[in-house]
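Biologist: Could you take me closely through the sheet of this model, strand by strand, and then through whatever packs against it? I would like the cut-offs behind each term as you go.

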Amino acid sequence: MVKIKLVRHGAKRSPFYKVVATDSRNAGDGKALERLGFFNPMARGQEVKLNLNIERINHWIGQGAQISERVGSLMKQAQKSA
């Protein structure tokens with residue numbers, strides 16, 4: 001099964017998350033099928049905090065992918081701000 005989830009990157013105490021579509025059998029930081037955006041909770045000033053490719057996420061959902069709870073809330077947040 002394909003899952004759409006966050007994968008943590010960045011340094012200690014400076015998290016940065018990529019939103020990816022991946023096979024649920026892969027490890028948490030395993031190979032991703034496609035990168036769908038990013039989330040930077042530490043963004044300051046003019047930096048972009050959230051960038052999602054909603055069109056591709058909806059494509060994967062149409063193919064049967066399951067989204068994580070956090071990605072679902074980020075999608076709602078992105079649609080409000082757009």
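Modeller: What follows goes through the sheet, its pairings and the helices that pack on it.

This is a predicted model, in which local features need pLDDT of at least 70 and side-chain atom pairs count only at pLDDT 80 or more, while totals for chains, interfaces and linings use all residues. Residues are numbered from 1 along each chain as its sequence is written, and side-chain values use heavy atoms, with hydrogens and water left out.

The sheet is open and has 5 strands in the order β4-β3-β2-β1-β5, with mixed pairing; helices (H or I, at least four residues) and strands (E, at least two) are DSSP runs numbered from the N terminus, and two strands pair if DSSP finds at least two bridges between them. The edge strands, each pairing on one side only, are β4 (50-52) and β5 (66-67). In general, strands of a sheet pair through backbone hydrogen bonds, either parallel or antiparallel.

Starting from the β4 edge, β3 (residues 34-39) runs antiparallel to β4 and is joined to it by 3 bridges, with Leu-52 in β4 as the bridge partner of Gly-37. On to the next pairing, β2 and β3 are antiparallel and share 5 bridges, and here Val-20 stands opposite Arg-35 in β3. The structure holds 2 aromatic pairs (ring centres of Phe, Tyr or Trp, the last by its six-membered ring, within 6.5 Å). One of them is formed by Phe-16 and Phe-38, 5.5 Å centre to centre with 20 degrees between the planes, and is stacked, the word for planes under 30 degrees apart, whereas over 60 counts as edge-to-face and the rest as tilted. Phe-16 lies in β2 and Phe-38 in β3, so this pair ties together parts that are 22 residues apart in sequence.

Between β1 and β2, which run antiparallel, there are 10 bridges; among the partners in β2 are Asp-23 for Val-2 and Ser-14 for Ala-11. The hairpin of these two strands has 2 residues between them, and Arg-13 takes a positive phi near 60 degrees there. At the other edge, β1 and β5 pair in the parallel sense over 2 bridges, where Ile-67 in β5 is the bridge partner of Ile-4.

As for the helices, α2 (residues 69-81) lies across β1, β2, β3, β4 and β5, running at about 100 degrees to β4; axes are lines fitted to C-alpha atoms, for helices over the stretch in contact, and angles run from 0 to 180 degrees between N-to-C directions. The helices α1 and α2 pack at an angle of about 140 degrees, with their axes 12 Å apart. That makes α1 oblique to α2, since angles under 35 degrees count as roughly parallel, over 145 as roughly antiparallel, 65 to 115 as roughly perpendicular and the rest as oblique. Where they meet, Ile-54, Ile-57 and Asn-58 in α1 are in contact (heavy atoms within 4.5 Å) with Met-75, Ala-78 and Gln-79 in α2.
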